[in-house]
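Open the model in your viewer with the cartoon representation on. The stops below move from one selection to the next.

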Amino acid sequence: MSVRWRFNWYRQTTADRIKPLFVPDKAPRSGVHFDVKSKLPAMSVPARPEWSVSLGPRSIGSLYTLQPGNYHSLAELGAGTVPVVSCGDDNNGISAYCDIREHLYRGKLTVAFNGMNTLTAKYHPYQFAAKDDVAVCFPKASLRLTTELFIQVMLNRERWRYSYYRKCFLEKLERVVILLPLRDGNLDEDTMARVVEATPYWNYLSERLSQTA
């Protein structure tokens with residue numbers, strides 16, 4: 001194996017070329033000892049404070065009032081500037097830009113009833129309309145942006161429960177349960193904010209969201 005460099009596709013091996021090759025039957029001795037670890041810089045990991053998070057179940061129906069989108073067929077809508085959200089994955093679920101002047105939303109989560117990735121949740125900080133293959137989520141109580149983004153992530157972790165063949169619908173979505181940080185029986189929005197704001201792209205994301213709010 002150690003002499004393969006002597007041959008290649010253009011300088012192929014033959015019986016006459018292989019015969020004189022020397023194959024040692026003992027490992028070569030070496031008096032040189034190099035301690036790799038002693039040459040590496042010392043690393044010290046600072047102690048991290050313990051962070052205890054109490055998780056509890058919450059159903060989506062207890063957090064949101066759910067409403068299907070208002071439009072069924074894009075073919076019935078004229079071209080325009082309002083993004084229409086459907087159950088697709090690309091472009092944050094936006095499937096077309098149409099001329100729509102009613103049933104518009106802003107700063108809401110949508111959850112896919114259908115599609116290849118059923119139950120996919122997406123947040124839309126801009127004005128949009130929605131097809132009836134997604135649910136638009138209206139918080140039952142005031143929620144921070146970081147809380148809604150945390151809920152979005154936890155919902156997306158449950159997508160394995162549904163598929164293109166096992167679709168979700170409004171009543172099923174209301175019963176979907178996710179685990180969320182709780183404190184004294186209430187949503188621990190401070191902890192959720194710490195988690196979301198610790199992500200590498202939070203500064204970039206929060207800046208973009210503030211521009212579209």
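Start with the open sheet, in which three strands are arranged in the order β1-β8-β9 with antiparallel pairing. Bear in mind that this is a predicted model. Select residues 55-59 for β1 and 186-187 for β9: these are the edge strands, and each has a single partner strand, so one side of each is left without a neighbour in the sheet.

Next, select residues 177-183, which form β8. Towards β1, the antiparallel pairing of β8 runs over five bridges. Put Ser-59 and Val-177 in sticks: Ser-59 stands opposite Val-177, which belongs to β8. Towards β9, β8 pairs over two bridges, also in the antiparallel sense. Which residue in β9 is the bridge partner of Arg-183? Asn-186 takes that place.

Stay with β8 and β9 and look at the hairpin they form, with two residues between the strands. Select Asp-184 in this hairpin; its phi is positive, near 55°.

**Helices α6 and α4**

Now select residues 189-197. This is helix α6, which packs on the sheet and touches β8 and β9; the direction of α6 makes about 110° with that of β8.

Add residues 145-156, helix α4, to the selection. Two packed helices are described by the angle between their axes and the distance between the axes. For α4 and α6, the axes come within 8 Å and cross at roughly 75°. Angles of 65 to 115 degrees count as roughly perpendicular, and α4 and α6 are therefore roughly perpendicular to each other.

To see the contact itself, show side chains on both helices. From α4, pick Thr-146, Thr-147, Leu-149 and Phe-150; these meet Glu-189, Met-192, Ala-193, Val-195, Val-196 and Glu-197 of α6. Sorted by class, this contact has six nonpolar, two polar and two charged residues.

**Three single residues**

Select Glu-171, which lies in helix α5, residues 170-175. Is Glu-171 buried, exposed or partly exposed? Glu-171 has a relative accessible area of 42% and is partly exposed. Add Leu-66 and draw a C-alpha to C-alpha distance: the two residues are 105 residues apart in sequence and 9.3 Å apart in space.

Move to the loop between β4 (94-98) and β5 (105-112) and select His-103. The phi of His-103 is positive, near 55°, in a residue other than glycine. With a relative accessible area of 38%, His-103 is partly exposed.

Then go to the loop between β5 and β6 (121-130), where Leu-119 is found. Leu-119 is not a glycine, but has a positive phi of about 80°. Why does Leu-119 count as buried? The cut-off for buried is under 20% relative accessible area, and Leu-119 counts as buried because its relative accessibility is 0%.

**The whole chain**

Clear the selection and show the full protein chain, whose secondary structure comes to seven helices and nine strands. Of the 213 residues in the chain, 36% are buried. Switch to a surface view: the accessible surface comes to about 15000 Å², and carbon and sulfur atoms hold 54% of it.

For a last step, a contact map is useful. Among contacts in the protein chain with a separation of 6 or more, 68% are between residues 24 or more positions apart.

Definitions and conventions. Residues numbered from 1 in each chain as written. Predicted model: local features only at pLDDT ≥ 70, side-chain atom pairs only at ≥ 80, totals over all residues. Heavy atoms only, no water. Helix = DSSP H or I, 4+ residues; strand = E, 2+ residues; numbered from the N terminus. Buried < 20%, exposed > 50% of the residue type's maximum accessible area, 1.4 Å probe, protein only. Contact = heavy atoms within 4.5 Å. Areas by Shrake-Rupley, 256 points an atom, 1.4 Å probe, with all protein chains shown as cover. Pairing = 2+ DSSP bridges. Axes fitted to C-alpha atoms, helices over the stretch in contact; angles between N-to-C directions. Parallel < 35°, antiparallel > 145°, perpendicular 65-115°, else oblique. Nonpolar A, V, L, I, M, F, W, Y, C, P; charged D, E, K, R; others polar.
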